[in-house]
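Here is a look through one protein model, starting with the overall picture and then moving to its aromatic rings and a couple of asparagines. Keep the structure open while you read.

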Amino acid sequence: MKIVNLLIFILPTMVFSQTPLSQSGNSEDLILTVAELTDEGKALKGSIEKLKGLKDPCKKRMIPDEQVGMPTELTSSPIDSNEKEPDKLQAFYEVELFNSEGAHISSDIISQGIPLARHVLQSASRSTRIPTRDLLAFPDEHLKRVILQEMYPGHLYTREMKEKAEQVFLVARMSQFRSPSESFEFARDYLKDASMEKKINFLATYLDNLNGNYEFSSLNGGPTSGEARWDKNLQNALGRSMINGRSMEAGVCRHMHQMAVRLAREIGFDEAFGVGFRTHGGGHRTMVLTHPDDPTSVIQLNYGKKMVNSGVSGPTALGQNGSLPDVGIKFRITNGDDELAIVLPSELGGVLNRVTGGDESDLGIRYEEMSQVHQTGIKTPYGTFRVFSAENVRGNQAETEGLTYNTWIQFGPNFYGEYGAAIFNSKRGVQTNELSFSGTYLRTTHGADVKIYETPNLIVRGFGELHLRGAFGNSQVMYRNGSYSDKEDNGD
C-alpha cells in the first residue's frame with residue numbers, strides 16, 4: 001500500500017483592528033475629518049465628490065448627501081479578496097509569457113568516470129604485491145604516485161589525470177579516520193587552497209565511493225529495511241571496503257547525500273542542502289549547492305554525476321532530469337543537520353496550482369511561478385472551467401496540458417472554502433530520453449475570518465488558511481532505443 005503525503009501550508013493566525021466610523025448627519029464633514037488621518041479617507045473623499053457631481057437623468061437634480069452610501073468601516077480583512085463566483089457566464093482567454101533570456105538548465109549530466117578508490121588500491125596491491133593496508137601506510141606523496149601510475153600506466157600525465165588521481169587519494173586517506181568529523185577536517189585542511197571547481201569534483205567522487213557501499217538489502221522490505229544509518233556507519237564501511245576491496249553495505253541515497261552535505265559545508269559551501277522528491281516509481285534524495293563565487297550557478301550532485309544550472313533560482317534550479325527524474329509537485333529541502341528547512345513546489349506543482357485558481361503566495365511567501373501559460377475557459381456561478389497548456393521555458397522545458405475546474409464557496413459569515421482539480425499530462429526531456437506523467441491534481445483551501453472582540457471603537461478579528469495539495473497518477477520513461485519502462489503509480 002502506498003502512503004500519499006499531502007503538502008500542507010498553515011498561515012498562523014493574525015489579528016488586526018479596525019475602527020468603525022461614528023454615524024454622522026453630515027457625510028462630507030466626516031470624510032474631510034478622516035482624510036486628514038488616513039489614505040483611505042482621501043480615497044473616499046474623492047469618491048464622494050464624484051458622486052455628488054452626478055446628475056439624476058430622470059429628475060434633473062443633484063443627488064443629495066443623505067443618498068450617498070457611506071461605509072461604516074475603513075479597513076477589511078486582508079483575506080477578504082477571495083474571488084467569488086460571477087453572477088453570469090464569462091468566457092475568457094489568457095496568455096502569460098515570461099522572458100527566458102539568460103536562464104539555462106544544463107542538459108549535460110557529467111560523470112567524471114573515476115574508478116572507486118577501493119578498486120584502484122586493490123589493483124595497485126596486485127601490481128606491487130603489497131597488501132592494501134601497507135599501501136595506505138605510505139607517505140602521502142608516495143601513495144599519490146602509486147595511485148597515479150595504477151590509474152594511468154605508461155602515460156605522460158596530464159593535469160586532468162593528476163587531479164583525478166588526487167581525488168582517489170583523498171578518498172582513500174579520509175576512509176582511514178575513525179570518525180567522520182576527523183575525516184571532514186582532514187579534507188578541509190587538504191583542500192583549503194583548492195578552487196571551488198576542484199572541491200565540487202571531489203564531492204562527486206566522494207559520493208560515488210559512498211554509493212559503492214549502497215545497502216541494497218534495505219530495499220523493498222529487505223532484512224535491514226527501516227534500520228537507522230549514521231555518518232559513522234558509512235565511514236566505517238568505507239574504511240573496511242578499502243582494505244578488503246569489497247562492497248560493505250551501509251546506507252542509501254538519503255544517508256549518503258546528507259553526509260556529503262555536511263562535508264560540503266565543512267570545505268566551504270555554506271549553501272549546501274539535500275533535496276528529496278518523488279521519482280518514477282519511488283523517491284530519491286540528491287544534494288544541491290550554490291557556487292560561492294557565482295550565486296547564479298546552482299550545482300546538483302547525484303552520487304558521482306553533476307549538473308550545473310545557470311541564471312535560475314528557487315524551484316526552477318531544483319528540477320531533476322537525470323536517471324532518476326522528479327515527477328512530484330514538491331521538493332523537500334533539508335539542511336546540514338538533516339532537518340527539513342523548507343518545502344518548495346516543483347515546476348509542475350507551480351503550474352497546476354496556478355491553473356486551478358491558486359495564488360502563488362499559497363506555495364511560498366516570495367514564490368513566483370514563471371511558466372508560459374495559455375488558457376481559455378468560462379466562469380460560471382458554479383465555478384470556473386478551463387483548458388490550458390503550459391511550458392516551463394526557464395526550467396526543465398516541460399510541456400503540460402489538461403482540463404481544470406475551481407470554485408469558491410462561503411460557509412456562513414466566518415468560513416469559506418476554495419477547491420480546484422485538474423486532469424493533466426506532462427512531458428519533458430530527461431537524461432534517458434523522455435519522461436511523461438499523467439494524473440489528477442487536487443487543491444483545497446479552507447479559511448476562517450472570525451470576529452473575536454468588538455467595542456464601539458475597536459474590532460479584533462482572527463483569520464487563517466489551511467492549504468492541501470495532492471497529485472496522483474502514473475509515470476513512464478521512454479529510452480533512447482525507443483523502448484518504454486513499465487508505468488508506475490505515484491502520489492505526492
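What follows is a short tour of the fold totals, the aromatic residues and two loop positions.

**The whole protein**

First things first: this is a predicted model. The protein has 11 helices and 18 strands. Of its 492 residues, 47% are buried. On the outside, about 25,400 Å² is exposed, and 52% of that comes from carbon and sulfur atoms. As for contacts, take those between residues at least 6 apart in sequence: 61% of them join residues at least 24 apart.

**Aromatic rings**

How many aromatic pairs does the structure hold? There are nine. Take F385 and Y405: their ring centres are 4.8 Å apart and their planes meet at 45°, so this pair is tilted. F385 belongs to strand β13 (residues 383-391) and Y405 to strand β14, so the pair ties together parts that are 20 residues apart in sequence. Both residues have some surface showing: F385 is partly exposed at 40% relative accessibility, and Y405 is partly exposed at 28%.

W408 and Y416 make another aromatic pair, this one stacked, with 5.4 Å from centre to centre and 15° between the planes. Are W408 and Y416 buried or exposed? W408 is buried, because its relative accessibility is 8% and the cut-off for buried is under 20%. Y416 is buried as well, at 6%.

Here are the two pairs side by side:

| Pair | Centre to centre | Angle between planes | Class |
|---|---|---|---|
| F385 and Y405 | 4.8 Å | 45° | tilted |
| W408 and Y416 | 5.4 Å | 15° | stacked |

Elsewhere, F169, F177, F186 and Y190 come together as one aromatic cluster. A ring can also have a charge for company: the charged end of R265 sits over the ring of F273, 5.0 Å from the ring centre.

**A nonpolar patch**

Back to strand β14, which covers residues 399-411 and includes F411. Together with I409 and F415, F411 makes a nonpolar surface patch of about 270 Å². F411 itself has a relative accessible area of 41%, so it counts as partly exposed. Why can F411 be part of a patch while being only partly exposed? Patch residues need over 30% relative accessible area, and F411 has 41%, so F411 clears that cut-off without reaching the over 50% needed for exposed.

**Two asparagines in loops**

Now for N213, which is in the loop between α8 (196-211) and α9 (231-244). Being in a loop doesn't leave N213 open here: its relative accessible area is 2%, so it is buried. What does N213 touch, leaving out residues up to four places away in sequence? The list runs to R118, A237, L238, S241, R246, S247, M248, E249, A250, G251 and M256. One of these, S241, is 28 residues from N213 in sequence, with 8.0 Å between the two C-alpha atoms.

N481 also lies in a loop, the one between β17 (458-479) and β18 (488-491). With a relative accessible area of 64%, N481 is exposed. Its C-alpha atom is 9.0 Å from that of N433, although N481 and N433 are 48 residues apart along the chain.

So the two loop asparagines end up at opposite labels: N213 is buried at 2%, whereas N481 is exposed at 64%.

Terms used. Residues numbered from 1 in each chain as written. Predicted model: local features only at pLDDT ≥ 70, side-chain atom pairs only at ≥ 80, totals over all residues. Heavy atoms only, no water. Patch = residues over 30% accessible without salt bridge, like charges linked within 9 Å, V, L, I, M, F, W, Y side chains within 5 Å. Areas by Shrake-Rupley, 256 points an atom, 1.4 Å probe, with all protein chains shown as cover. Salt bridge = Lys/Arg side-chain N within 4 Å of Asp/Glu carboxyl O. Helix = DSSP H or I, 4+ residues; strand = E, 2+ residues; numbered from the N terminus. Buried < 20%, exposed > 50% of the residue type's maximum accessible area, 1.4 Å probe, protein only. Phe/Tyr/Trp six-rings, centres within 6.5 Å; stacked < 30°, edge-to-face > 60°. Lys NZ or Arg CZ within 6 Å of the ring centre and 35° of its normal. Contact = heavy atoms within 4.5 Å.
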